[in-house]
Amino acid sequence: MARVASIPVDHPAARALELDGLASADGLVDGCRACDLWARATHGVFGEGSSSARLMLVGEQPGDREDLAGRPFVGPAGRVLDDALEEAGIDRVDTFVTNVVKHFKWRPSGKKRLHDKPSREQVRACRPWLDLELELVRPEIMVLLGATAAQAILGSSFRVTVDHGKLLDPELPDGPRRLATLHPSAILRARTPGDREEMRRTLVADLGVAAALLTATPQHRQQLRPARLVEAALHGQ
Ligand code: URA
């Protein structure tokens, strides 16, 4: 498969691209040493979902449960996300779900492993994996969940609290439109039941903006998706 300019040749994501496919990336992300987070993590967690997904959901990093399971958004935040997707009329099986950072960053607190925010350098080191996912899936919309994902893609001055729910143009002409919203974990951390409900509604409404766009636009890239062609070739179809 052709090189992707933003994926350095010596990054393991470049190897995954050479091997053509989401399946090989899964194993390679586990062995990624592009930053130091691998040392305390159980699994590298690559994105999961349909290679022909029109919608990609991007969170921050795997949490405790995701680190153990090796799969994104399978813990409490994942349940909030699943419920919000359902309420917005989106089936998770039609999406591709991932994170800007693929290894869990945590600090100990007694017997618990508490989430720790990844640094800008760690986000930058992991970026080729997201670029690979974008290349292989070619979504039409990328929904950025929370400030870390939004700022990684839209710049450090982006404020989710102010600009959530707005459909932003693609960065590149054939890239996905972008939309930022609240992170499901922020909803879990809400101080009062009232705050929680208001935040949950915001998440559902913002996801609804993405759902409405998909409903209103034809599946214009369906026949052209390299990832589908690659998978078809791999499976001898
Ligand atoms: N939070 C995230 O940002 N991603 C996950 O996969 C789980 C929790």
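Two residues are taken to be in contact if their C-beta atoms, placed from the backbone, lie within 7 Å. On this basis, and leaving aside neighbours within four places in sequence, V58 is in contact with T98, N99, V100, L130, M142, V143, L144, L145 and A149. The structure described here is a predicted model. V58 belongs to its largest nonpolar core, a set of 56 residues in which V58, V143 and L144 have the most contacts. The largest share of this core, nine residues, is supplied by helix α5, which covers residues 120-137.

The confidence of the prediction was examined for the chain as a whole. The mean pLDDT is 91, and 91% of the residues reach 70 or more. Residues 222-237, by contrast, have a pLDDT below 50, and beyond near neighbours in sequence this stretch makes 18 contacts in the model.

The chain comprises ten helices and seven strands. Its C-alpha trace spans about 55 × 45 × 30 Å along the principal axes. A compact globule of 237 residues would have a radius of gyration near 18 Å, and the value of 17 Å computed for the chain therefore agrees with that expectation. Of the 237 residues, 42% count as buried. Among contacts with a separation of 6 or more, 71% join residues that are 24 or more positions apart.

Helix α5 was considered in further detail. At 1.5 Å a residue, its 18 residues should span 26 Å, and the distance of 25 Å between its end C-alpha atoms agrees with this. The helix nevertheless bends by about 40° at C126, and a proline, P128, follows within four residues. Because 13 of its 18 residues are buried, α5 is largely enclosed by the rest of the structure.

Just after α5, R138 takes a positive phi of about 50°. Most residues other than glycine have a negative phi. R138 is not a glycine, and its place is in the loop between α5 and β6. This residue counts as buried because 23 C-beta neighbours lie inside 10 Å, the cut-off for burial being 20 or more. A positive phi, near 50°, is also found at F73, again a residue other than glycine. F73 is situated in the loop between α3 (64-69) and α4. With 26 other C-beta atoms within 10 Å, F73 is buried.

Strand β6 (residues 141-145) contains L145. This leucine has 28 C-beta neighbours inside 10 Å and therefore counts as buried. L145 and L57 are 88 residues apart in sequence, yet their C-alpha atoms are 7.1 Å apart in space. Apart from neighbours within four places in sequence, the contacts of L145 are L57, V58, G59, T181, H183 and P184.

One of these partners, H183, lies in the loop between β7 and α8. H183 has 24 C-beta neighbours inside 10 Å and so counts as buried. Its contacts, again leaving aside neighbours within four places in sequence, are G59, E60, L145 and G146. The C-alpha atoms of H183 and T148 are separated by 9.3 Å, the two residues being 35 residues apart along the chain.

Helix α9 consists of the 24 residues 193-216; at 1.5 Å a residue it should span 34 Å, and its end C-alpha atoms are 34 Å apart, which agrees. The buried residues of α9 are M199, L203, D206, L207 and A210. The elements covering these buried residues include β2 (55-59), α4 (76-87), β6, β7 (177-181) and α8 (184-188).

A further residue examined was G27, which lies in helix α2 (residues 22-30). With 13 other C-beta atoms within 10 Å, G27 is partly exposed. Its C-alpha atom is 9.3 Å from that of V45, a residue 18 positions away in sequence.

Methods
Residues are numbered from 1 along each chain as its sequence is written. This is a predicted model: local features need pLDDT of at least 70, side-chain atom pairs count only at pLDDT 80 or more; totals for chains, interfaces and linings use all residues. A nonpolar core is a set of buried Ala, Val, Leu, Ile, Met, Phe, Trp, Tyr and Cys residues joined through C-beta atoms within 7 Å. A residue is buried if 20 or more other C-beta atoms lie within 10 Å of its own, exposed if 12 or fewer, and partly exposed in between; C-beta atoms are placed from the backbone. Helices (H or I, at least four residues) and strands (E, at least two) are DSSP runs, numbered from the N terminus. The radius of gyration is taken over C-alpha atoms; the globule rule is 2.2 Å times the number of residues to the power 0.38. The expected span of a helix is 1.5 Å times one less than its number of residues. The bend at a residue is the angle between axes fitted to the seven residues ending there and the seven starting there. pLDDT is the predictor's confidence in each residue, from 0 to 100.
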